[in-house]
Every structure is written in C-alpha cells, then in structure tokens.
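Please walk through this model from its one enclosed space outward to the sheet and then to the helices. The sequence and structure come first, and the account follows.

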Amino acid sequence: MIDIKLLRVSPEIVKDALLSRSPKNLQLIEAMFSLDEQARKALQEAEALRNERNDISREISSYKIAKREVPETLARKAAEIKAGLAELEAKSASLEKELEAMLMSVPNLPYEDVPRGESEADNKQVSEDISCKREFSFKPLDHHAIGEKLGIIDFERAAKLAGARFSMLRGKGAVLERAIAQFMLDSHRRSGYEEVLPPFLVNAQTMTGTGQLPKFEQDLYKTAGENPLYLIPTAEVPLTNIYSGEILDESVLPVKLTAHTPCFRQEAGSYGKDTRGLIRNHQFNKVELVWITAPEKSPQALNDMVSHACGILKDLKIPHRVVALCTGDMGFSAARTFDIEVWLPSENRYREISSCSDCRDFQARRMNLRYRPKGEKPRYPHTLNGSGLAVGRTFAAVLENYQNEDGSVEIPEVLRKYTGFDKIG
C-alpha cells in the first residue's frame, strides 16, 4: 500500500508514477484523489464542529457554575451540534475506510530510474552469460518431447488425474526435479538464507499482506466455507508475512529466507499461453528467496538476490541473461524488478525463470510489519522477493541444454551427487 502522506504532500509524483505503469490508471488516480479530498473535507468539517461544540460546552458550564439557567437556544444549539458531529464523524470514518480499501488496489510506485515503457518490448537487458551456450549439430527438441520420449514426464495421465496444465514426473525425472530443488536450497543456505517449510494454505489476511488480495482473487485457488483458505501461488506469501504485525529489532535485519514449496495458480488471465510443457502449469514447484531489510539497504539486497539466483544457473552451466523490467511490465507490488531469463534451444530464445523484486515498504505497510532502529521510532522495512529458481522451468532448461542427438540427457555435474546417475537415456 502506498504512503497516504506522499499522496497528500506530493500528488503529482504519485500521479506521474502510476501513469508510468499504465495510462489506464488515470481513472483510478482521479477517483483516489477525489475520495481523499472528500475524506479530508469531512475530517476538517468535523474538527471545526468539534471546536464549536467545545466552545458551547464551556459557555454552558459557565451558566451552571454561576447557578444560572442555561438558555434554551444554547441548549438547542448544543444538541444540534452533537447530532451533526456524530453524522460527520460517521461520514469521515466511512470515507477513510473507503479510501483505505481503494489504496489496497493501487499498485506500487516504481523507482524513478526504472525504465519507462508499456510492455516487455521496453525492457532493458542488464547482463548476459552465454559462456556455456552450445552449438547443436542436430535440431534440438523441446523439453516436452524429450521428457515424453524418455518416459520421465507423463502429461496424459496427469491430465486424467487433474485436467489440463498439470504434469507428472516419473522415475529419473522425479529424481532430477528433487535433485534440482535440493541443490538450490543447499546453495542458498550457504549464502546465508534460513530454510523454512511454511504452510501451503494461508488465510485472506496473509494474501492481502503481499498484494494478491483483493485485486487478483481470480488467479487463486481457495477452499470452500465461511472462512476460506487459499493455496499459495508462491512461497513469497507465507515467508514475507511471517513477521506481519510485529516490530523487529534492527539488529535482526536483514532477514533472509528460502523455501521449496508447490505453487498453485489458476492462470486466469493467461488462457491459450504456453499450454504445452512445463512453462505455465496450474501446479509447479519453486524455491523462493525473501529479504526483509532496512530501506537504505534494499537496492544492494536486490542485486545480491539476483546474484544468488543467477549463481544457480552459472553452476548448472546454462546460458541466461538479466533484464530490467519497464514500469508497464512490473508486477503489482514491485517498485523495481529484474527478470532472469534462461536459454531454451528448442525455441532459440530466452524464457523467464525468475523475477526478483524490491517492493519498498509497500507490503510492509499492508501487513503492518515494522522494525525499530536504535533510539528511534518504529519504521517500515523494505521487502524483496524472487524465485531462486522455478524448479520446473530449470528442469526444462536442463533437458533442453543437456540433450544428446540419441535422445539421452546428460546430468549437470553439480547435480550428480544428488541424483546418483549422470545420464537419463
């Protein structure tokens, strides 16, 4: 949630930042400013009436102290003010509540130096590592075909069990996926992350804290009942909310967490996209990275997070690049995002495998997470999150980049101690 003080002190900055994300935000901006103006006007009118009430109360008290009868006009005026004040206070509270609800649907403000743009076409490449890129002497297959030929991915029976956009790994495929996840967790623990195994179902308040609710409910799976729980779309949700409503001591920062969890997404807005293979499934596994840090340290924290995620691909010797997302391509809660994209030979292009984002204090405000600097009042920290990495997409990248002409797949050297074999074929 954006800072309402910034909305009131620097409205043009807020307007420009939101319009840089999308021109469609103009209607939302106008409605937000109008509602804020109404809320402040009602508050000012209530305060003026409150002062008038206090003046009349003092005048009435002077009559009573002097044991004189209070004039009927004065008593009537006091009653009218009391009724009017109650009405204005109720109106003010209602408008403030409505404004807060609206602010929950307003996206984060990007950093000033984030590239301006409307779509992924305006993103900027930051770095590229193609030192291990292969030149194939044959036409490389996609991971879907490789997996089915080797009998390690079973899409047909997964669809029978659950429907479209589900997959099932078997035999050495299941072992390879587990090995990839374990390798990632071990690597991140060496980089100072605490491993967590969080709940995979969370309540609405938790989803609201990181920004999935109320705006993106259509993308979520939830249980039936009066107080539904939601299947997590990413471990970012439970990890970032661990300290919601708390005040942390500055000495514990930065908090660095990692978790390997399944993720569940309806992909409601992605109909017809990547329906083949492992790229966009309703259920997939991911190793997540989360930071909670002091505001002045979040830019470096984001760079570190990107480095840790890229480190996995460097160790796997898979070509990849880092891209700075433009304002129009960033997620709802992000103030700055770097995407890590992996090379898929079958498509002869890069595909996203991780998004690492600095959310500033946007999520901390929503979940009332604060920290106390020494000798100062509590402040909101910055939260960051990123995939480190999406396990299924890493699995697909391994199959494609390590495939052989005979249909077999070599296992990257760093994974062999986890798999117990060096080839699938």
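**The cavity and its surroundings**

Ile279, Val342, Leu344, Arg351, Glu352, Ile353 and Arg393 line the largest cavity. The model is a predicted one, and the residues and elements discussed here are to be read with that in mind. The space inside the largest cavity is about 30 Å³, and the count of cavities of 30 Å³ or more comes to one. Its lining divides into four nonpolar residues, no polar ones and three charged ones. Two strands, β9 (336–344) and β10 (349–358), each supply at least two residues of this lining. Of the elements involved, β10 gives the most, with three residues.

**The sheet**

Both of those strands belong to an open sheet of eight strands, whose order is β1-β8-β9-β10-β12-β7-β6-β2 and whose pairing is mixed. At its edges lie β1 and β2 (194–195), each of which pairs on one side only. In a regular strand the side chains point alternately to one face of the sheet and to the other.

The β2 end of the sheet can be followed strand by strand. Strand β2 is joined to β6 by two bridges, and these two strands run parallel. One position in this pairing is glutamate 195, whose bridge partner in β6 is threonine 258.

How much of β6 is buried? Nine of its ten residues are, so the strand is largely enclosed by the rest of the structure. On its other pairing, β6 (residues 255–264) is joined to β7 by ten bridges, and here the strands run antiparallel. Two positions illustrate the register. Phenylalanine 264 has glutamine 283 of β7 as its bridge partner, while lysine 256 stands opposite tryptophan 291 in β7.

Strand β7 (residues 283–293) is mostly covered as well, with nine of its eleven residues buried. Besides β6, its pairing partner is β12 (residues 382–390), to which β7 is joined by seven bridges in an antiparallel arrangement. Within this pairing, isoleucine 292 stands opposite threonine 383 of β12, and valine 290 stands opposite asparagine 385 of β12. In the order of the sheet, β12 is followed on its other side by β10, the strand that gives the most to the cavity lining.

**Helix α2 and serine 20**

The account now turns to the helices. In α2 (residues 11–21), the buried residues are Val14, Ala17, Leu18, Ser20 and Arg21. Viewed down the axis of α2, they fall within an arc of 155°, so they line one face of the helix. Among the elements that cover these residues are α1 (4–9) and α3 (26–65).

Serine 20, which has its place in α2, can be examined in more detail. Is serine 20 buried or exposed? Its relative accessible area is 10%, and because the cut-off for burial is under 20%, serine 20 counts as buried. Apart from its neighbours within four places in sequence, serine 20 is in contact with Pro110, Arg116, Gly117, Thr327 and Gly328.

**A second serine, in a loop**

Serine 119 is found in the loop between α4 (72–103) and β1 (124–129), the latter being one of the edge strands. Serine 119 has a relative accessibility of 32%, and therefore counts as partly exposed. Leaving aside neighbours within four places in sequence, its contacts are Cys326 and Asp329. For a longer view across the model, the C-alpha atoms of serine 119 and arginine 372 are separated by 39 Å, and the two residues are 253 apart along the chain.

**Helix α5**

The last element is helix α5 (residues 143–150). Its buried residues are His143, His144, Ala145, Ile146 and Gly147. What do the buried residues of α5 pack against? They pack against α6 (155–162), α12 (391–401) and β13 (409–410). Just after α5, glycine 151 takes a positive phi of about 75°.

How values were computed
Residues numbered from 1 in each chain as written. Predicted model: local features only at pLDDT ≥ 70, side-chain atom pairs only at ≥ 80, totals over all residues. Heavy atoms only, no water. Buried < 20%, exposed > 50% of the residue type's maximum accessible area, 1.4 Å probe, protein only. Helix = DSSP H or I, 4+ residues; strand = E, 2+ residues; numbered from the N terminus. Arc of directions from axis to C-beta. Contact = heavy atoms within 4.5 Å. Pairing = 2+ DSSP bridges. 1 Å grid on protein atoms, 1.4 Å probe; cavity = no way out; pocket = protein on both sides within 12 Å on 5 of 7 lines; lining within 4 Å. Points joined across faces, edges and corners; volume = space filled by probe spheres on them. Nonpolar A, V, L, I, M, F, W, Y, C, P; charged D, E, K, R; others polar.
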